[in-house]
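Hi everyone, thanks for making time this morning. I'd like to walk you through a structure, so let me put it up on the screen.

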Amino acid sequence: MIAMRADTACRAESATLLIVGLGLIGGSLAAGLRQRGFRGRMIACDPDAREIRRGIDMGLIDDGGTDLAALAPAADTIVLAVPVLAIPGVLGELRALNPELKGQTVTDVGSTKAIVRDAARRLFGRVPKTLVLGHPIAGSEKSGVAAADPDLYAGHNVILTPEADTDAGALARVRALWQSCGANVLEMDVERHDAVLAQTSHLPHLLAFSLVDTLARQDARLDIFRYAAGGFRDFTRIAGSDPVMWRDIFTANRDAVLASLDDFEAGLSRLRAAVETGDGDAMLAAFGRASHARHYFESLLNKTSYQTEYAMQPHSQVTYRVRPGGGARGRVRVPGDKSISHRSIMLGALADGVTTVTGFLEGEDSLATLQAFREMGVAIEGPHQGRVVIHGVGLHGLKAPSGPIYVGNSGTAMRLFAGLLAGQSFSSELAGDASLTKRPMNRVAEPLRAMGAVIDTAEDGRPPLKIHGGQALTGLYYDMPVASAQVKSCLLLAGLYAEGETWVREPAPTRDHTERMLGGFGYPVERDGDTCRLTGGKRLTAGPIDVPADISSAAFFMVAAAITPGSDLTLEHVGINPTRTGIINILKLMGANLELVDEREVGGEPVADIRVRHAPLKAVDIPVEQVPLAIDEFPALFIAAANAAGTTRLRDAAELRVKESDRLAAMADGLATLGVAHTLLDDGIDIVGNGDGSAASYGGGRIDSLGDHRIAMAFAVAALRASDDIVIDNCANVATSFPDFIELARRIGMGLDAEGGHVR
Ligand code: S3P
């Protein structure tokens, strides 16, 4: 029996494990299993009897030999750790011993999978159900069992490529084998495995071999290497790898390698042309994309939230633990406005000339927008401490992206992009994370179709969106059924490309950053009461953009100060655009002591410092006209309501159900956990506040933010008046809008700790 320690309990019930090929890979597996408490019998087969002897002497295996036929029948689990081109031969020998591999779980470690699968099909007529192909993505330049490392697989990925009818028990056994060595086990199909490995491993090895070989040949005495610096060393480290092994890999994975080499050659030719013609913008665009992608890759390695989103695990495991009590004092500047940051990149990219943005929000959502434009050929420098320089390509200068545009968690990005992309000559696809994939997109797809756009959505109008380019758009008059700045902005952006005038009527005022910024770029937008309009076909001219601090992020700290006795907090340089100030208006109605200091206008947007001190709050009926003006601030306002005297009532707010989460339901669940009485309605909520002056307004407890940044931050603030710890799960997405929330919350006096993920 393979018996594992309880913490790595292995379902692999195996009496005898046979490792075929006792080199670095097989030896490290044996060492890893041994170190983690494997108590079964471990044997090995290798053509080199000295390796077997060494393995026994090192205490890795119990026994072994050079004759597979003598060893295999005793084994119930067999790992083929031989070079990939040798695997078909070993499979043939196993078949001769046990024609259907009955009673034996067999797996391999080959770096390419199609060749192994095809050999199995040839030999057995099909892939036997207990043959589970696998590939540990780990290695070293060293070789031989003497180099065996028990931690070689710890924290590394192992990819398994099961068939549809692979035996579930065999799959679980192989999975457990690798997991018990500390590896992360993933599954994908054979073709995808081979394509991914061709791109991420085989191509880089080919380039490293080629570069070193080319340089070495040019300089027969290898003198050139004396002058080589770190860049050369970093780039070529893998050229020291085993030539025979790599010959085998390129032989085995020929087609996938050739496909990725073709892509690479095309990219290299584009760069060659840019260097030859001195096209600085093209170089900057390519290098910028690459540099950003490299940083993103680093965040992948560090396992930030962005990585786990991308890996389709909806919310990475960042948990906040907030101690009850604490203060809200000092002066802070929260990060840049998310809505304005998105728009600054979009309009800057479409403008003629260079746009410099300061105060840009370096959150995951706006960074995804920035990366999307890089993928469409726009040269963008930064961000460096909130400064971004965009080399605009003009209204018609975008290039087709090479794959789907990923906009992460951002509804704003998806809806605004939909309008902008509907007017392009090329087709495109917009995709987002698990939360965004549930959000309604017909609200933009339908009016865009009425303008002549051709857009496919997934079922029920959900993302992804496929936008067919090359359509002639015509302007339209659109009377929006919901008050939505995203829909309005989407149509105005499509309107830039439309023949004639595009009119949008809003049932209630919504944020007008798009109109203001278009105006700032010299593109006229008329407003007549509740309707705005523009005419297509004009030009945008680049100009500087100063992004104020985001009132939606400041809202959490405004509420923090409003509910906390002894507070005195100033939030600097906050955008107070009148279409966004519902939070200020509602808090003032509730009796908050809130002052706007040094009101000024910066780059077309009103800005002020906001000073908040504690005052007893009273419940209010939230005026319906304030709802669109505070649409993102309700999670914070609900916490204010829970601390006010009396019952606060909200109506006409069904839109909250289709934000990053169903915010009415998510907040109601969290309030219930804290013991705050409330009644949930379809379009609103009644919250019974406990503002009776007692030390704590409610209890603590464990709350699921559902991966919604604003739910997470709202309950973190709630702890200021709780009697017990509040623990909040799924907080990684706070980084979409407020990357340094933890640091600033601590700075004002909140007792916030975070566990898991990559917390800042
Ligand atoms: C936004 C508009 C609002 C808001 C969102 C940002 C924008 O959405 O909730 O966070 O930048 O235009 P709706 O316009 O759909 O209400």
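Let's start with a question: which residue in β24 does R329 stand opposite? Have a look while I say that this is a predicted model, so please keep that in mind throughout. The partner is D568. That pair sits where β11 meets strand β24, residues 568–575, and the two run parallel, joined by 4 bridges.

Now let's zoom out to the sheet around them. It is an open sheet of 4 strands, ordered β11-β24-β26-β25, and its pairing is mixed. At the edges you'll find β11, residues 329–332, and β25, residues 593–602, each pairing on one side only. From one strand to the next, the twist averages 15°.

Two helices are worth pointing out here. Helix α19, residues 551–563, lies across β11, β24, β25 and β26, with β26 covering 605–613. The helix runs at about 165° to β24. Then there is helix α24, residues 741–748, lying across β11 and β24 and running at about 140° to β11.

Let's move to another sheet. This one is open too, with 6 strands in the order β3-β2-β1-β4-β5-β6, and here the pairing is parallel. Why do β3 and β6 each have one side without a neighbour in the sheet? They stand at the edges, β3 at 63–65 and β6 at 131–132, and each has a single partner strand, so there is nothing in the sheet on that other side.

For β3, the pairing with strand β2, residues 41–45, is parallel and spans 3 bridges. If you'd like a spot to click on, C45 stands opposite G65 in β3. Helix α2, residues 49–57, packs on this sheet and touches both β2 and β3. The direction of α2 makes about 175° with that of β3.

Last stop: a single residue, E660. You'll find E660 in the loop between β27, which is 645–650, and α22, which is 663–674. Is E660 buried or exposed? The relative accessible area of E660 is 10%, so this residue counts as buried, the cut-off being under 20%.

What does E660 touch? Through its side chain, E660 makes a polar contact of 3.0 Å with the side chain of R663. Setting aside neighbours within four places in sequence, E660 is in contact with K338, N409, S435, R439, D708 and H709.

That's my tour. Thanks for listening, and I'm happy to take questions!

Key
Residues are numbered from 1 along each chain as its sequence is written. This is a predicted model: local features need pLDDT of at least 70, side-chain atom pairs count only at pLDDT 80 or more; totals for chains, interfaces and linings use all residues. Side-chain values use heavy atoms; hydrogens and water are left out. Two strands pair if DSSP finds at least two bridges between them. Axes are lines fitted to C-alpha atoms, for helices over the stretch in contact, and angles run from 0 to 180 degrees between N-to-C directions. Contact means heavy atoms within 4.5 Å. Buried means under 20% relative accessible area, exposed over 50%, partly exposed in between (1.4 Å probe, protein chains only). A polar contact is a pair of N or O atoms within 3.5 Å; within protein, one must be able to donate a hydrogen and the other to accept it, and residues adjacent in sequence count only if both atoms are side-chain atoms.
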